[in-house]
Amino acid sequence: MMDILNALVVLANFVMIPAVAYGSQLALGALGVTLVYGVLRFSNFAHGDTMAFGTMVVILVTWWFQSMGISFGPLPTALLALPFGIAATAVLVIGSDRMVYRFYRQTKSEPVVFLIVSLGVMFVLNGLVRFIIGPNDQSFSDGERFIIKVGDFKKMTGLDEGLAIKTTQGITVVTAIVVVAALFWFLNKTRTGKSMRAFSDNEDLALLSGINPERVVFYTWLIVAALATIAGTLYGLDKSFKPFVYFQLLLPIFAAAIVGGLGNPLGAIAGGFVIAFSEVTITYAWKKVITYVVPETWAPDGLVQLLSTEYKFAVSFMILVIVLLIKPTGLFKGKSL
Amino acid sequence: MSDTQKTYALFALVAVLILGTGFVQSWNTALFILNMGLISAIMSLGVNLQWGIAGLLNVGIMGFVALGGLATVLVSMEPVPDAWEAGGPRILMGLAVGTISIVALVLSYTKLPKGWVRAIGTIVVAVIGFYVTRSVLDPAVQAVEGVNPALTGYLGGLGLPVLISWPVGGLFAAAAAWVIGKTALGLRSDYLAIATLGISEIIIAVLKNEDWMTRGVKNVIGIPRPVPYEVDLQADPSFVERATSFGLDPMTASTIYVKLGYAVLFAIVLIVLLWLSQMALKSPWGRMMRAIRDNETAARAMGKNVTARHLQVFILGSAICGIAGAMMTTMDSQLTPSSYQPLRFTFLIWVMVIVGGSGNNLGSILGGFLVWFLWVQVEPLGAALMDIITSPMAEDSALRDHLVKSAAYMRLLTMGIFLLVMLRFSPKGLIPEK
């Protein structure tokens with residue numbers, strides 16, 4: 001009995017909790033991608049770098065706050081800096097829409113042209129972020145590090161295995177729930193949200209019923225900026241900030257959005273967790289868990305790790321390929337094909 | 001000015017730029033730009049085939065280029081006998097088992113009746129195949145990587161002449177393209193983009209981590225060269241004599257000679273590929289490809305197998321990228337997996353194709369040279385500009401220090417703006433499609 005409990009604790013500590021946190025971050029990122037896809041109808045390759053830009057602003061403001069001695073008690077100061085990051089990112093994406101994307105919208109260009117344009121925006125953002133903050137790792141997490149520490153948990157329960165929940169993991173999940181709830185309330189209850197959904201479902205019909213497309217686009221970018229900044233900041237708090245890593249996040253984020261069904265917000269959330277859980281479980285070394293569960297003589301010799309962590313991109317890619325082969329519209333019905 | 005004159009003028013401009021670099025900076029830099037320009041031109045020729053002529057979005061050029069590099073190592077390095085003895089045959093067996101299990105997986109998915117039988121059957125085959133492959137492969141991999149890891153720790157290659165690796169690189173890239181094309185072509189264009197982006201990241205991850213094949217991040221150095229070594233030239237009395245008769249010291253003369261040798265080889269490949277692409281473009285096949293690009297539905301209605309044609313052109317374009325990748329690794333004479341950066345090897349090639357003129361082979365070649373020239377030269381220019389901007393600031397100001405250090409990233413910004421401006425005001429590129 002104790003062994004099974006111990007196994008569960010190990011499982012929770014190394015698989016469940018990290019995967020839930022990572023899944024929330026991916027879900028927020030995928031929501032941004034899926035909204036752009038639904039309303040503006042293109043795959044935004046600049047999304048990873050938009051996240052990097054937002055996080056960069058948050059980091060700079062955090063440093064400024066820290067230098068002035070402002071802190072948020074046990075919580076990371078970055079949460080206080082979040083509104084500034086969102087505002088700056090909103091200015092950036094709406095500016096890029098005015099200067100770049102709007103022209104192609106007016107000329108009714110093909111989605112693939114938008115995609116290439118977003119590559120150009122990605123280049124610019126890449127340069128901008130590296131120019132301002134440099135290409136290196138930045139750590140900006142402060143405040144209390146753990147909600148539950150390994151030692152305290154062991155004392156509390158008397159088990160051999162400890163469980164730790166990092167503050168950043170707790171914040172990630174809570175923030176993600178709040179943000180997603182707010183987003184769905186906005187999409188389903190407010191006038192603007194409804195017009196966004198109408199526009200996404202059927203552009204012509206929406207235009208006929210008097211919805212102002214520029215207004216819809218404006219609000220979409222606003223929400224995307226907020227989602228990207230929050231997702232990026234949470235990821236940076238949980239792990240660390242490095243511009244190139246944010247670029248690489250594009251792959252799991254797109255995989256999440258496609259797996260869930262591009263253009264479907266609910267699907268993006270589900271997709272984020274599917275990708276995160278598969279990545280973590282496939283790259284986790286199961287030896288410890290198995291040793292607790294099976295009789296002693298069966299204990300495995302190796303690490304029982306399916307793939308080394310360097311191949312975590314391969315996992316999201318595999319899932320993407322499987323979904324593309326079996327159900328190209330995604331798990332939830334997206335607006336694809 | 002007619003179109004042809006404009007084309008000549010633009011190519012003359014590139015020639016002037018490179019020659020100017022030779023006179024102002026050094027001939028070594030100029031030849032370096034020329035050589036990498038030739039390789040970039042080949043890559044953008046391949047991407048132009050996919051995007052310009054068929055309208056396929058390949059965002060994984062880096063992966064195909066890296067596969068070319070892998071081919072160079074596998075073909076031209078000397079085999080390591082100790083490592084082969086330690087686990088070579090077993091690794092081959094493991095790879096064979098892996099291939100068989102993938103075939104079994106595909107068969108079980110396609111042949112089993114739809115529904116639960118298929119789902120469970122496929123999963124069982126996948127799990128068994130995975131474990132059997134790993135159990136055969138893992139001990140052998142450990143044994144091979146344990147053989148003198150500081151110097152070898154890998155199986156080495158076949159020890160064949162390095163030039164053979166160029167077509168082999170193309171074959172490797174073609175095989176990868178076939179797999180991606182089979183899954184993602186026929187679906188929406190964005191999916192191909194994501195799939196290629198994914199496969200290129202995976203290829204780089206494999207090169208970095210499969211030490212038994214590529215030595216991973218320890219890099220393979222000293223890949224044999226198709227041209228003579230500088231040291232040998234400097235030791236050759238007749239070469240030294242000729243160099244001095246040109247008024248050059250033997251050191252500079254030997255590096256220039258070697259680079260010129262590469263330039264000739266690359267130019268031959270480029271001209272052959274350009275001729276082939278031009279012929280393909282003018283042939284009925286090329287007309288059909290453009291017809292498909294311009295109106296897929298109409299082409300399908302005319303009885304053209306769109307997906308099969310897409311697969312064909314996707315494989316061809318990727319193979320060209322693979323050839324270019326093998327050429328690049330040959331010139332560097334080393335394989336450094338960590339040097340493959342998507343911005344440099346995927347997105348920069350895109351800038352080349354778009355700026356040069358998608359759909360026009362000459363245009364993409366021009367773009368290759370021009371954008372590569374800018375990519376190399378914007379860095380010193382940016383640094384110089386930054387020096388001027390920051391000169392009024394105090395010597396020890398932190399901002400000045402930061403700005404000067406960050407000047408290197410100016411080129412990302414410049415390329416992005418360049419691409420956006422071209423897309424907006426001249427979307428057909430410098431030499432538009434006819």
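Among the contacts in chain B between residues at least 6 apart in sequence, 81% join residues that are at least 24 apart. The model is a predicted one, with scores of ipTM 0.87 and pTM 0.90. For chain B the pLDDT averages 87, and 100% of the residues score at least 70.

Chain B contains 18 helices and two strands. Its radius of gyration is 24 Å, close to the 22 Å that the globule rule gives for 434 residues, so chain B is as compact as a globular protein of that length. The C-alpha trace of chain B spans about 75 × 60 × 55 Å along its principal axes, and 44% of the 434 residues of the chain count as buried.

In soluble globular proteins, nonpolar side chains tend to be buried together. In the present model the largest nonpolar core holds 211 residues, of which I42(B) and V351(B) touch the most other members. When neighbours within four places in sequence are left aside, the contacts of I42(B) are V269(B), L270(B), L273(B), I320(B), I323(B) and A324(B). A second core, separate from the largest one and made up of ten residues, includes A83(B), I91(B), Y154(B) and L155(B).

The two chains meet through 35 residues of chain A that are in contact with 34 residues of chain B. On the side of chain A that touches chain B, at least two residues each are supplied by α3 (78-106), α4 (111-133), α11 (250-260) and α14 (312-326) of chain A, and the largest share, 14 residues, comes from α4(A). Sorted by class, this side of chain A has 25 nonpolar, eight polar and two charged residues.

Of these elements, α14(A) was examined further. The helix α14(A) has 15 residues and reaches 22 Å from its first C-alpha to its last, which is close to the 21 Å expected at 1.5 Å a residue. Its buried residues are K312(A), F313(A), A314(A), V315(A), S316(A), F317(A), I319(A), L320(A), V323(A) and L324(A). These buried residues of α14(A) pack against α11 and α12 (265-283) of chain A, together with α6 (165-184) and α7 (189-209) of chain B.

Two residues of chain B other than glycine were noted for a positive phi. In R215(B), which is found in the loop between α8 (211-214) and β1 (220-221) of chain B, phi is near 65 degrees. With 24 other C-beta atoms within 10 Å, where 20 or more are needed, R215(B) is buried. In S333(B), placed in the loop between α14 (306-332) and β2 (334-335) of chain B, phi is near 55 degrees. S333(B) has 16 C-beta neighbours inside 10 Å and therefore counts as partly exposed.

The residue R215(B) is also among the contacts of G153(B), a glycine that lies in the loop between α5 (116-146) and α6 of chain B. Apart from neighbours within four places in sequence, G153(B) is in contact with E145(B), V147(B), N148(B), D211(B) and R215(B). Because 18 other C-beta atoms lie within 10 Å of it, G153(B) is partly exposed. The C-alpha atoms of G153(B) and V313(B), which are 160 residues apart along the chain, are separated by 38 Å.

Definitions and conventions: Residues are numbered from 1 along each chain as its sequence is written. Chains are lettered from A and ligands numbered from 1 in the order in which they are written. This is a predicted model: local features need pLDDT of at least 70, side-chain atom pairs count only at pLDDT 80 or more; totals for chains, interfaces and linings use all residues. Helices (H or I, at least four residues) and strands (E, at least two) are DSSP runs, numbered from the N terminus. The radius of gyration is taken over C-alpha atoms; the globule rule is 2.2 Å times the number of residues to the power 0.38. A residue is buried if 20 or more other C-beta atoms lie within 10 Å of its own, exposed if 12 or fewer, and partly exposed in between; C-beta atoms are placed from the backbone. Two residues are in contact if their C-beta atoms, placed from the backbone, lie within 7 Å. Ala, Val, Leu, Ile, Met, Phe, Trp, Tyr, Cys and Pro count as nonpolar, Asp, Glu, Lys and Arg as charged, and the others, Gly among them, as polar. A nonpolar core is a set of buried Ala, Val, Leu, Ile, Met, Phe, Trp, Tyr and Cys residues joined through C-beta atoms within 7 Å. pLDDT is the predictor's confidence in each residue, from 0 to 100. The expected span of a helix is 1.5 Å times one less than its number of residues.
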